[in-house]
Amino acid sequence: MRFMAILAVISLLVLLKETRLVQGDIATAAFYGPPYLPTQCNGNSQDQFPPNNLFASVSDALWDNGASCGRKYIVRCLSGTGDKPCKQGNIVVQVVDKCPQNPCRATLLLSRDAFNALSRSPTSKLNIEYAQYA
């Protein structure tokens, strides 16, 4: 009987580890490609881009009159077009620009490297979960 109780506790712990609770907002993401300069955050400065090239341009919903420049967001793919478009895991992107289109075609326009880190499909529009990263 004690063995069954231990097994039940272990099973519960495994289940809790696999369960993902929603922790952020739901939005859309697409990719944008070069040229990435100039930006509305820091003009022609190459220093604004993180070394891993995981950056984003944001829509009016996140722009906050430019206060979003330099903010970081943790992003996770939830779904998209095509067969199993999402890769597992999260990435952290840094805001470097405001979406050049009005209206923007997604809440976050991700650099090609950031988009490829989340999606198996090179042309998909993704449904994402995101939250500001401290």
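**Exercise 1. Work out the handedness of the Cys41–Cys69 link, then place both ends in the chain.**

Start with the torsion: about the S-S bond of Cys41 and Cys69 it is about -85 degrees, so this disulfide (a pair of cysteine sulfur atoms within 2.5 Å) is left-handed. The two sulfur atoms sit 2.1 Å apart.

Before going on, a word on the model. It is predicted, so local features need pLDDT of at least 70 and side-chain atom pairs count only at pLDDT 80 or more, while totals for chains, interfaces and linings use all residues. Residues are numbered from 1 along each chain as its sequence is written, and side-chain values use heavy atoms, with hydrogens and water left out.

Next, the location. The pair ties together distant parts of the chain, 28 residues apart: Cys41 is in the loop between β1 (25–31) and β2 (55–58), and Cys69 is in the loop between α2 (60–63) and β3 (72–80). Helices (H or I, at least four residues) and strands (E, at least two) are DSSP runs, numbered from the N terminus.

Last, the accessibility. Buried means under 20% relative accessible area, exposed means over 50%, and partly exposed is in between (1.4 Å probe, protein chains only). Cys41, at 17%, is buried; Cys69, at 27%, is partly exposed.

**Exercise 2. Find the other disulfides and write down the pairing pattern.**

Step one: searching the whole structure gives 3 disulfides.

Step two: take Cys77 and Cys86. Their S to S distance is 2.0 Å, and -55 degrees about the S-S bond makes the link left-handed. Cys77 is buried at 5% relative accessibility, and Cys86 is buried too, at 13%.

Step three: take Cys99 and Cys104. Here S to S is 2.2 Å, and the 95 degrees about the S-S bond makes this link right-handed. Both cysteines are buried.

Step four: number the bonded cysteines of the protein chain in sequence order, and you get 1-2, 3-4, 5-6.

**Exercise 3. Describe what surrounds Thr39.**

First, place it: Thr39 is in the loop between β1 and β2, and at 8% relative accessible area it is buried.

Then look for polar contacts, meaning pairs of N or O atoms within 3.5 Å; within protein, one must be able to donate a hydrogen and the other to accept it, and residues adjacent in sequence count only if both atoms are side-chain atoms. The Thr39 side chain reaches the backbone nitrogen of Asn42 at 3.0 Å. A polar atom of that side chain also lies 3.2 Å from the backbone oxygen of Val96.

Finally, list contacts (heavy atoms within 4.5 Å). Setting aside neighbours within four places in sequence, Thr39 meets Gln48, Phe49, Val96 and Asp97.

**Exercise 4. Do the same for Leu108 and Arg105.**

Leu108 goes like this. It belongs to strand β5 (residues 108–110) and is buried at 0% relative accessibility. Not counting residues up to four places away in sequence, its contacts include Thr28, Ala56, Val75 and Ile128. Leu108 and Ile128 are 20 residues apart in sequence and 9.3 Å apart in space, C-alpha to C-alpha.

Now Arg105, in the loop between β4 (90–98) and β5. Its relative accessible area is 39%, which counts as partly exposed. The Arg105 side chain reaches the backbone oxygen of Phe31 at 2.3 Å. Leaving aside neighbours within four places in sequence, Arg105 touches Thr28, Ala30, Phe31, Tyr32 and Lys125. From Arg105 to Lys125, count 20 residues in sequence and 9.1 Å in space, C-alpha to C-alpha.
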